[in-house]
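Reader: Please take me through one helix of this chain in detail. I would like to know how it sits among its surroundings, and then how the chain looks as a whole.

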Amino acid sequence: MLHIEDILDQIPKQCDRLILIPHRNLHLFPLHALPVKESYLIDLFPNGVGYAPSCQLLQQVQLRQCRDFQSLFAIQNPTEDLYQGYEKDLVAVAAIKKQFNDVKILKQDQANKPAILLGINENIHNVILNEKLLKANCVFFFCHGYFNSASPQDSGLQLADGNLTLADIITYFKLENCRLVTLSACETGFTDFTSTSDEYIGFPSGFLLAGSTNVVSSLWTVSATATALLMIKFYEELQQQSNIVLALNTAQRWLRDTTVKGFQNWLSNCSLSLVWQAQLNQYFDDQHENASTKPFESPFYWAAFCNIGKGV
């Protein structure tokens with residue numbers, strides 16, 4: 001229906017990066033996972049396939065110069081269902097934090113709204129943002145999220161004491177030092193597609209308006225194991241290169257193409273603790289008898305996450 005191959009034929013061969021600005025309902029689709037001949041769109045551009053909510057926001061973020069990547073501010077498992085029994089992020093945050101010199105993690109019941117928006121209950125017109133969040137080069141949320149299509153600004157990220165809404169983010173957040181916001185939560189890539197004038201309203205545009213240059217968010221709920229592996233690999237790639245969209249695309253292809261045996265070999269050299277290496281090894285043994293199986297080959301597992309923004 002999109003005539004994607006005809007469109008690709010019009011793109012000069014020297015173009016090595018693609019930025020998509022979807023229109024209305026197309027915001028809901030993982031266009032980077034469109035099948036093209038015997039491959040996917042994500043495989044055709046050596047410097048990555050990313051997104052922007054609008055041309056206006058793309059122009060704004062391209063002017064921002066934020067190269068530091070030393071400090072991390074993270075929200076980890078804020079609701080009980082994410083940490084009862086075991087931590088549902090499979091200690092991905094614990095693995096990721098090792099890459100940063102300055103780390104602040106609000107975990108479980110500590111991850112509440114007053115801890116982020118200091119003073120909001122005292123004077124709503126004079127909110128003080130958490131100092132570590134103000135200075136963070138990377139912000140990571142591992143929590144539940146939802147998109148309110150009837151009222152997009154009431155969409156929320158679920159914290160221990162309630163919801164951090166999109167309106168809160170647009171109104172109070174100041175992320176001029178932030179190069180990347182990662183939303184490891186459901187439906188955080190959705191935008192309001194019901195109005196042509198408001199189609200770019202969503203978490204990605206909210207964090208870009210707040211000052212960040214890049215946002216990685218999801219279009220649907222994927223398995224906890226696939227998400228944890230993707231996030232750990234994504235941040236490993238960011239240690240090797242400054243191209244954020246390419247790091248994400250590389251991690252997605254790795255998740256898609258790696259066999260059970262390949263994952264088990266990777267586990268023995270990754271940053272996870274020995275306990276979690278053993279648990280994930282057991283997971284692969286229990287779920288897949290054939291070591292040559294590619295357990296996350298389906299786009300359902302690897303295509304949910306998109307990079308929105310500058311790309312570097």
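Author: Here is a close look at helix α10, followed by the whole chain. The model is predicted.

Helix α10 runs over residues 260–267. Which of its residues are buried? They are Val-260, Phe-263, Gln-264, Trp-266 and Leu-267. Buried here stands for under 20% relative accessible area. These residues cover an arc of only 160° around the axis, so they lie on the same side of α10.

What covers that buried set? Among the elements that do so are three other helices. One is α8, spanning 224–240. Another is α9, at 244–257. The cover also includes α11, at 274–287.

Now the setting. The chain holds 12 helices and 15 strands. Its radius of gyration is 19 Å, close to the 20 Å that the globule rule gives for 312 residues, so the chain is as compact as a globular protein of that length. The C-alpha trace spans about 60 × 50 × 35 Å along its principal axes.

Burial extends through the chain: 53% of the 312 residues are buried. Contacts reach across the sequence too. Take those with a separation of 6 or more: 77% come from residues 24 or more positions apart.

Last, the surface and the charges. The chain exposes about 14,100 Å², and carbon and sulfur atoms supply 49% of that area. Its side chains include 22 positive and 30 negative ones. The centres of these two sets lie 7 Å apart.

How values were computed. Residues numbered from 1 in each chain as written. Predicted model: local features only at pLDDT ≥ 70, side-chain atom pairs only at ≥ 80, totals over all residues. Heavy atoms only, no water. Helix = DSSP H or I, 4+ residues; strand = E, 2+ residues; numbered from the N terminus. Rg over C-alpha atoms; globule rule 2.2 N^0.38 Å. Buried < 20%, exposed > 50% of the residue type's maximum accessible area, 1.4 Å probe, protein only. Contact = heavy atoms within 4.5 Å. Areas by Shrake-Rupley, 256 points an atom, 1.4 Å probe, with all protein chains shown as cover. Lys, Arg positive; Asp, Glu negative; His and termini not counted. Charge placed at Lys NZ, Arg CZ, Asp CG, Glu CD. Arc of directions from axis to C-beta.
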